[in-house]
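Open your viewer, set it to cartoon with side chains on request, and follow along stop by stop.

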Amino acid sequence: MNASKFLAPLMLAAASVNAFSQSPVTLTVETHQNVAQINPGMYGLMTEEINHSYDGGLYAEMVRNRTLDKSWAGFEYWNLVELGTGRAEMDGSDDGPSKALPKSMKVVITSASAKNEAGIANGGWWGMDVRPSTTYTGSFYAKPEGITEAHVSLISDDTGATLAEAKVPLDGAAWKQYTYSLKTDAKVKAGKANHLIITFAQPGSIQLQLISLFPPTYRNRANGNREDLMKLMAAMSPHFLRLPGGNYLEGDTIKERFNWRETVGPLVDRPTHRSPWNYQSSDGMGLLEMLEWCEDLKIEPLLAVYGGYSLKGELVVGDDLKPFIQEDLDEIEYATGATSTKYGAMRARDGHPAPFHIQYIEIGNEDFFDKKPTYDERFSQIAAAIREKYPNQFKLIATTPVKKGDPDFVDDHFYKTPEEFFAMVHHYDNADRKGPKIFVGEWATRIGDTTPNFAGALGDAAWMTGMERNADLVQLASYAPLLTNVNPDGMQWSPNLIGYDASRSYGSPSYWVQVLFDSHLGDHVVKSAADHEEGLFFWSTTISTAEKTLHVKLVNASDRPQPVSLKIDGVRPGKAKVETLHAASRWATNTIDTPNAIVPTESTLAVSGDSLKLTLPGNTVQVIDVPVQ
Ligand code: AHR
């Protein structure tokens, strides 16, 4: 987290109690009364291809429609470039570089010379982020006829200036991959109003496929991720990534499910697929890239495998499920198997010999939508196969309560208004402790446009206090959706935790709630009680034993100040660190243009005796780290 964001003064004790305050609450904390152990890996991330999370998002590819899919609208996102007297035409071709990509674009250069080039252009994902002194690496597959050189350039939309260029010699008339790099100089102005052109100075024709361009990526991974978005996620201190969905796992139909085999290996062997969020997925962010995303954040994959149900109601049951069970087992082997296994060896061939450590496997997604219902049977069949091949290796997660198959966890999903979440903070207090543990695998306060406003942050924080107080039962939780491209056509679901365009990104107020809660989790919950319920005041109290620190999380979702008396046994005299997230109103928010309007501020508070008095301003989430014995 950026320390410079923590410079604002202390916001807590200043506001005085007045006629407009909430009535004072006394909160008693018994630091030696351990009421629940906390799973250290409780908080994580949930991902899927939605809102251009990958293509046009985290996956750093700058070229849009790189596989040159042709629809009734032609080659979307591609245009002709005709400089001076240069002339070109583009058409589809039923000839491609691989079985997975059997088609291509044929560019016919009818007239061209060194000063009058012609070719094609791509505007990227609502722009292309170009920065000074930066090297971009690209590639394309080509089959030329009469053309011996391609000229690749990054061009400013505003000035038409060439920002970087490369000449790529073309040899032979067979399909071949060509690589190039584009280096900008120090004078280039950073921004996203740029496009890529590939032009030719000779008449002839050329078939093209898989045209790609990457900026530097997080940890310099080839085919990797955007640095800014990875850093935002890292700052949340997550512990797992639920992948690959969500609806994206199921697909609208069985054919459109996340078929992991078609997302691994060389990009040219990935056929791409239609996602349930209504756009084509390049599958550049395939299974291995998702696992490597976990590796780069030093978190664990929580792998969801296909459960035999797709969104539009297609089902596979009984013996028909067997090939899909095999697909799941092979996927688990690909992710976790030694290189001596068939799919572990495949992973090694794909560049990652080391197996990934996985504890949790989820079977399906939201199978309560299966009205037949067949999930009990499907879950127990798939669970039995996984347990037979991997005895005691994984904890298995069902997506809805089942009577068969003995899941270790059930995945509960909640998309609620702030008021609903305020009313639900005791949801798990009296829940059955004898059955499976709970994974709240998707949840969010649904308010705000694109990303949540402060009302969302308050709903989230209130809900998280309830999950934390019940940490013996709720052992895993992940907010959803995680990512959105903020361009109006880029989003299918609102709100989302993190927003971005081609060159900028920001965390919503809800994102900062995640940062605060995740980084002050503690290892056990201690007993606490308020002298009375006060409408919109919520809290949780946890301890980090090794650090001898009590984390007091307070939420005032009222717009009035909340006087609080904290009575804490075993305080160690010293300084408490206070982190405060506050907004003037519930409507206040962060946007792509005002990314830091609401960020946590840091201050300290002297603590000595067992009593601490403070007034929490309205619309505030606060974490106080109190030194304890
Ligand atoms: O998070 C958006 C969608 O909500 C998920 O894909 C699905 O699991 C849920 O219905």
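Select Asn34 and Gln37 and show their side chains: a polar contact of 2.6 Å joins the two (a polar contact is a pair of N or O atoms within 3.5 Å; within protein, one must be able to donate a hydrogen and the other to accept it, and residues adjacent in sequence count only if both atoms are side-chain atoms). You are looking at a predicted model, where local features need pLDDT of at least 70, side-chain atom pairs count only at pLDDT 80 or more, and totals for chains, interfaces and linings use all residues. Residues are numbered from 1 along each chain as its sequence is written, and side-chain values use heavy atoms, with hydrogens and water left out.

**Strand 1 and its partners**

Stay with Asn34, which belongs to strand 1 (residues 25-37). Helices (H or I, at least four residues) and strands (E, at least two) are DSSP runs, numbered from the N terminus. Asn34 counts as partly exposed because its relative accessibility is 42%; buried means under 20% relative accessible area, exposed over 50%, and partly exposed in between (1.4 Å probe, protein chains only). Leaving out residues up to four places away in sequence, Asn34 touches His524 and Val525, where contact means heavy atoms within 4.5 Å. Now add Ser565: its C-alpha is 21 Å from that of Asn34, and the two are 531 residues apart in sequence.

Next, colour strand 27 (residues 524-530), which runs antiparallel to strand 1 and is joined to it by seven bridges. Two strands pair if DSSP finds at least two bridges between them. To find one such bridge, select Glu30 and its partner Lys527 in strand 27. Then colour strand 30 (residues 562-568), which pairs with strand 1 in the parallel sense over five bridges. Here, Thr28 stands opposite Lys567. While side chains are on display, remember that in a regular strand they alternate between the two faces of the sheet.

**The barrel**

Which strands close into a barrel? Select strands 2, 15, 18, 19, 20, 21, 22 and 23: these eight close up in the order 2-15-18-19-20-21-22-23, with parallel pairing. Neighbouring strands of this sheet are turned by 30° against each other on average, direction ignored. Axes are lines fitted to C-alpha atoms, for helices over the stretch in contact, and angles run from 0 to 180 degrees between N-to-C directions.

Zoom in on strand 2 (residues 43-46) and strand 15 (residues 240-243), a parallel pair with two bridges. Leu45 has Leu241 in strand 15 as its bridge partner. Then select helix 8 (residues 454-469), which lies across strand 2, strand 21 (409-416), strand 22 (437-445) and strand 23 (474-479), and runs at about 170° to strand 22.

**Rings**

Show the aromatic side chains; the structure holds 25 aromatic pairs. Rings of Phe, Tyr and Trp (its six-membered ring) pair if their centres lie within 6.5 Å; planes under 30 degrees apart count as stacked, over 60 as edge-to-face and the rest as tilted. Try Tyr306 and Phe324, a tilted pair with 5.7 Å centre to centre and 50° between the planes. Tyr306 is in the loop between strand 18 (300-305) and helix 4 (322-336), while Phe324 is in helix 4, 18 residues apart. Tyr306 counts as buried because its relative accessibility is 2%, and Phe324 counts as buried at 14%. For a cluster linked by ring pairs, select Phe414, Phe421, Tyr428, Trp443, Trp463 and Tyr479.

Now add Arg64 and Trp126: the charged end of Arg64 sits over the ring, 4.4 Å from its centre (NZ of Lys or CZ of Arg within 6 Å of the ring centre and within 35 degrees of the ring normal).

**Backbone stops**

Where is Lys298? Look in the loop between helix 3 (287-297) and strand 18, where Lys298 has a positive phi near 60° in a residue other than glycine. Glu366 also has a positive phi, near 45°, and is found in the loop between strand 19 (360-363) and helix 6 (375-389). Lys298 counts as exposed at 65% relative accessibility, whereas Glu366 counts as buried at 11%.

Move on to Ala480 and Pro481, joined by a cis peptide bond with omega about -20°. Pro481 lies in the loop between strand 23 and strand 24 (483-485). The peptide bond from Ser494 to Pro495 is cis too, with omega near 0°.

**Last stop**

Finish at Thr580 in strand 31 (residues 574-582). Thr580 is buried, with a relative accessible area of 1%, and its side chain makes a polar contact of 2.8 Å with the side chain of Gln622.
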